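Trainee: I'm new to this one, could you walk me through it?
Mentor: Gladly; let's put it on the screen and take your questions in turn.

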Amino acid sequence: MKKMTQVILLSFTFSSLCYAGGDVSVPEVVPNTEPIVSASNFYAGLGISTMSLRNDFSDEEFSSTGVMLQLGYKVYPFLAIEGRYTKNVGNLDYNHGNALTLSNSDYPGDFSNVAVYLKPQYTIEDVNIYALLGYGEVSLSNIPLGDSSISADRGEQGFQWGLGLAYEGWESISVFLDYVRLYDSDGFNGRATEANIVSDVWTLGVSYKF
C-alpha cells in the first residue's frame with residue numbers, strides 16, 4: 001500500500017509540471033554555421049629534369065637538362081591523373097660511343113617528352129610515395145644529318161612508367177623527386193633496329209595545390 005501511494009504521488013507531481021507550467025527548460029539547439037573549407041584537387045608544378053636517350057649497343061647517347069611542366073587532378077586520396085611536358089633547355093650533349101661520328105657537347109636539336117599518367121600514391125605522415133603509369137611520346141627533333149643544312153625528326157610513342165617521392169609538409173606546396181622510363185625497346189623510329197634504345201628522365205620539382 002505504501003509503494004502504491006508513492007507511485008500515485010510521483011505521477012501527480014509529473015502531471016502538475018506538464019499541465020501547470022513547471023520550470024522545465026529545453027536547451028536550444030544552435031546549428032553550426034561555420035563554413036566547410038574544401039581544398040581544390042587541382043595542382044600544377046615546375047621541375048628541372050635530366051634527360052637522356054642512349055643506344056645500349058653502340059653507347060651512343062643524347063642528353064640534356066630540361067624543364068618539366070606539370071598539371072594534375074587528384075581523383076581520390078590514393079589516385080591522381082597527371083599530364084607532363086618536358087623539353088630541353090639549350091643544345092644537347094652528344095656522345096658518339098662506338099659510332100663513327102664526333103662527340104659534341106653543344107649539339108643542336110630538341111629533346112622533348114609529352115605524356116599523361118595515372119598516379120597511384122600512398123602517404124605516410126608528410127611523405128607521399130607514388131608511381132607514374134601512362135602513355136607518352138619522346139622525341140628528338142632538328143637533329144643534323146651530316147651537312148648542317150639537313151636535319152631529321154625522330155620520335156616514339158608507348159607505355160611509360162616511373163616512381164617518386166614528395167614531401168608535403170606545407171599546406172599548398174610540395175617538393176618532389178622522381179624517375180620516369182620514357183622508352184625502352186629495339187630501334188627508334190626506324191633507326192638502330194638491331195639495338196635496344198633506352199630513354200629516361202630524373203626530375204626535381206615543386207608542385208602547388210590550388
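Trainee: Among contacts between residues at least 6 apart in sequence, what share joins residues at least 24 apart?
Mentor: That share is 58% in this chain, and please keep in mind throughout that we are looking at a predicted model.

Trainee: OK, and how many helices and strands does the chain have?
Mentor: The chain has 1 helix and 10 strands, and if you read along the sequence the helix comes at the start of the pattern, with the strands following it.

Trainee: How much of the chain counts as buried?
Mentor: Of its 210 residues, 33% count as buried. The accessible surface of the chain comes to about 13600 Å², and carbon and sulfur atoms account for 62% of that surface.

Trainee: Changing topic, how many aromatic pairs turn up?
Mentor: A search of the whole structure gives 10 aromatic pairs. One of them is formed by F42 and Y73, whose ring centres are 4.7 Å apart and whose planes make an angle of 55 degrees.

Trainee: What is that arrangement called, and why?
Mentor: The pair of F42 and Y73 counts as tilted, because that word covers planes that are neither under 30 degrees apart, which would be stacked, nor over 60, which would be edge-to-face.

Trainee: And where do those two residues sit in the chain?
Mentor: F42 belongs to strand β1, which covers residues 42-55, while Y73 belongs to strand β2, residues 61-76, so that the pair links parts of the chain 31 residues apart. As for accessibility, F42 counts as partly exposed at 45%, and Y73 also counts as partly exposed, at 33%.

Trainee: Which residues do ring pairs link into a cluster?
Mentor: Ring pairs join F62, Y94 and Y107 into a cluster.

Trainee: What sits over the ring of Y130?
Mentor: That is the charged end of K119, which lies 4.4 Å from the centre of the Y130 ring.

Trainee: Last topic, the backbone: what is the phi of E125?
Mentor: E125 has a positive phi of about 55 degrees, although it is not a glycine. The residue lies in the loop between β6 (110-124) and β7 (127-145), and with a relative accessible area of 74% E125 is exposed.

Trainee: What about N142, where is that one placed?
Mentor: N142 is in strand β7, and although it is not a glycine, its phi is positive at about 60 degrees. Its relative accessibility is 41%, so N142 counts as partly exposed.

Technical notes: Residues are numbered from 1 along each chain as its sequence is written. This is a predicted model: local features need pLDDT of at least 70, side-chain atom pairs count only at pLDDT 80 or more; totals for chains, interfaces and linings use all residues. Side-chain values use heavy atoms; hydrogens and water are left out. Helices (H or I, at least four residues) and strands (E, at least two) are DSSP runs, numbered from the N terminus. Buried means under 20% relative accessible area, exposed over 50%, partly exposed in between (1.4 Å probe, protein chains only). Contact means heavy atoms within 4.5 Å. Accessible areas come from the Shrake-Rupley method with a 1.4 Å probe; for residues, only the protein chains shown count as cover. Rings of Phe, Tyr and Trp (its six-membered ring) pair if their centres lie within 6.5 Å; planes under 30 degrees apart count as stacked, over 60 as edge-to-face and the rest as tilted. A charge sits over a ring if NZ of Lys or CZ of Arg is within 6 Å of the ring centre and within 35 degrees of the ring normal.
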